[in-house]
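Got the viewer open? Here is a tour, stop by stop, with something to select at each one.

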Amino acid sequence: MSDFRYAVNVLPKSGILDPQGRAVELSLPHLHVTNVSKVRIGRRAELTVTAESEPEARAVVDGLAKELLSNPLIEAYTVELLVPQP
Amino acid sequence: MRIGVVTFPGSNSDVDSLNALAVAGVEPVSLWHESPDLKGVSGVILPGGFAYGDYIRAGVIARFSPVMGGVKEFAAAGGLVLGICNGFQVLAEAGLVPGALLRNRSLRFAGRLVNIKPDRLDSPFTRSANGAPMRVPVAHGEGCYYADEAMLDELEANGQVLFRYVHEDGTPALDPDEPANPNGSLRAIAGVCNSAGNVAGLMPHPERMSEAILGTDGGMQVVRSLIESAREWEAAGRPVAAPKTKVEAGR
């Protein structure tokens with residue numbers, strides 16, 4: 001058995017109103033920033049899975065991402081395998 | 001007649017719901033989130049609040065609690081389930097009613113009185129309503145009803161839209177930025193039901209308008225509808241509700 005560490009990044013699907021992203025955009029002029037647009041705000045989860053293989057571990061993460069960490073109706077997610085720092 | 005009210009950790013409108021049932025003259029039954037046993041009730045209310053702290057997304061952690069196993073079975077067997085506010089969010093996350101509830105368009109918590117109107121008076125949750133706008137409170141941060149255009153069209157065609165936010169004259173508050181629409185809900189949708197019609201969710205709180213001393217008892221139209229339908233369901237020997245279509249939640 002090995003430990004595999006993942007990050008799951010969840011963002012609102014394109015076309016879904018993202019009021020947090022909009023609020024951040026509205027604050028940009030106060031920071032004198034004029035060349036930033038299309039802000040989307042989501043969430044990130046990092047987790048460790050103990051499994052026989054990486055594909056087995058990834059299947060667990062995929063299941064959690066679909067069922068718990070995101071709502072497929074409104075959000076899209078990506079999974080990244082985190083490589084331990086030496 | 002016994003109607004159950006689920007208490008999740010973080011529920012806060014469970015007591016209001018139990019009280020509204022008592023006012024209507026039925027026996028309110030408390031149901032605990034850790035047990036799938038619905039104690040033989042004839043209908044279930046999932047109340048408002050902040051179940052499991054609303055972590056990740058409102059309603060999603062409650063979806064996996066033991067009681068929801070019992071609620072899912074009850075709903076599949078034709079039992080009547082009404083989710084109010086956070087209860088609506090739980091039902092949507094569980095895939096028991098279609099759509100999703102997004103952060104309010106204003107980014108503000110909406111806590112005030114609004115007007116809603118039943119879209120139809122022949123549903124199990126609106127049959128005792130008089131059809132006029134009802135003044136009821138909202139109290140939520142994530143109540144912006146969302147489904148994609150194709151699903152919205154299908155919901156309307158199937159009669160699955162039960163309530164809309166309206167102006168005082170009863171016209172729907174279709175512009176998501178107007179104050180009569182407290183959260184930016186698409187097509188002013190305040191409440192929907194599943195395709196079989198026996199599971200419904202709505203964001204406003206009819207159970208908090210249950211007695212004249214609270215301002216009006218107009219919300220009892222919804223509570224009484226649920227009770228009458230549950231009574232009829234029991235008298236008919238608990239028939240299974242047949243889904244009319246396949247349109248359900250995204251899950």
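Why does B:Leu155 count as buried? Select B:Leu155 and look around: 23 other C-beta atoms lie within 10 Å, so B:Leu155 is buried. The cut-offs used here are 20 or more other C-beta atoms within 10 Å of a residue's own for buried, 12 or fewer for exposed, and partly exposed in between, with C-beta atoms placed from the backbone. B:Leu155 sits in helix 4 (residues 149-157) of chain B. Now add B:Gly99 to the selection: 56 residues separate the pair along the chain, yet their C-alpha atoms are 9.8 Å apart.

Some housekeeping before we move on. This is a predicted model, where local features need pLDDT of at least 70 and side-chain atom pairs count only at pLDDT 80 or more, while totals for chains, interfaces and linings use all residues. Residues are numbered from 1 along each chain as its sequence is written, and chains are lettered from A and ligands numbered from 1 in the order in which they are written.

**Stop 1: all of chain B**

Show chain B as a cartoon and you should find five helices and 11 strands. Both kinds of element are DSSP runs numbered from the N terminus: helices are H or I with at least four residues, strands are E with at least two. The radius of gyration of chain B is 16 Å, close to the 18 Å from the globule rule for 251 residues, so chain B is as compact as a globular protein of that length. For that comparison the radius is taken over C-alpha atoms, and the rule is 2.2 Å times the number of residues to the power 0.38. Turn on the principal axes if you like: the C-alpha trace of chain B spans about 45 × 40 × 35 Å along them. Of the 251 residues in chain B, 57% are buried.

**Stop 2: the sheet of chain B**

Next, pick out the nine strands that form an open sheet with mixed pairing, in the order 2-1-3-4-11-10-9-6-7. Two strands pair if DSSP finds at least two bridges between them. Strand 2 (27-32) and strand 7 of chain B are the edges; each has a single partner strand, so one side of each is left without a neighbour in the sheet.

Start at the strand 2 edge. Strand 1 (residues 2-7) of chain B pairs with strand 2 of chain B in the parallel sense over six bridges, and B:Arg2 stands opposite B:Glu27.

Then jump to the other end. Strand 6 (residues 110-118) of chain B runs antiparallel to strand 7 (residues 134-140) of chain B, with seven bridges between them; B:Ala110 has B:His140 as its bridge partner. Strand 6 of chain B is also joined to strand 9 (residues 161-165) of chain B, antiparallel, by three bridges, and there B:Pro118 partners B:Phe163.

**Stop 3: helix 1 of chain B**

Select residues 14-23 of chain B. This helix lies across strand 1, strand 2, strand 3 (43-46) and strand 4 (80-84) of chain B, at about 170° to strand 1 of chain B. Such angles run from 0 to 180 degrees between N-to-C directions, using lines fitted to C-alpha atoms, for helices over the stretch in contact. Colour B:Asp14, B:Asp16, B:Ser17, B:Leu18, B:Ala20 and B:Leu21, which are buried. The buried residues of helix 1 of chain B pack against strand 1, strand 2, strand 3, strand 4 and helix 5 of chain B. Just past the helix, B:Gly25 takes a positive phi of about 90°.

**Stop 4: the cores**

Which residues touch the most other members of the largest nonpolar core? Among its 78 residues they are B:Val44, B:Val81, B:Leu91 and B:Ala200. Helix 5 (residues 220-235) of chain B gives the largest share of this core, six residues. A nonpolar core means buried Ala, Val, Leu, Ile, Met, Phe, Trp, Tyr and Cys residues joined through C-beta atoms within 7 Å. A second, separate core has eight residues, including A:Tyr6, A:Val8, A:Val61 and A:Leu69.

**Stop 5: chain A and where it touches chain B**

Chain A has an open, antiparallel sheet of three strands in the order 2-1-3, with strand 2 (43-51) and strand 3 (75-82) of chain A as its edges. Strand 1 (residues 2-12) of chain A pairs with strand 2 of chain A over nine bridges, and A:Ser2 stands opposite A:Ala51.

Finally, select the interface: 11 residues of chain A are in contact with 13 residues of chain B, contact meaning C-beta atoms, placed from the backbone, within 7 Å. On the chain A side, helix 1 (19-27) of chain A gives the most, with three residues.

Technical notes
Contact = placed C-beta atoms within 7 Å.
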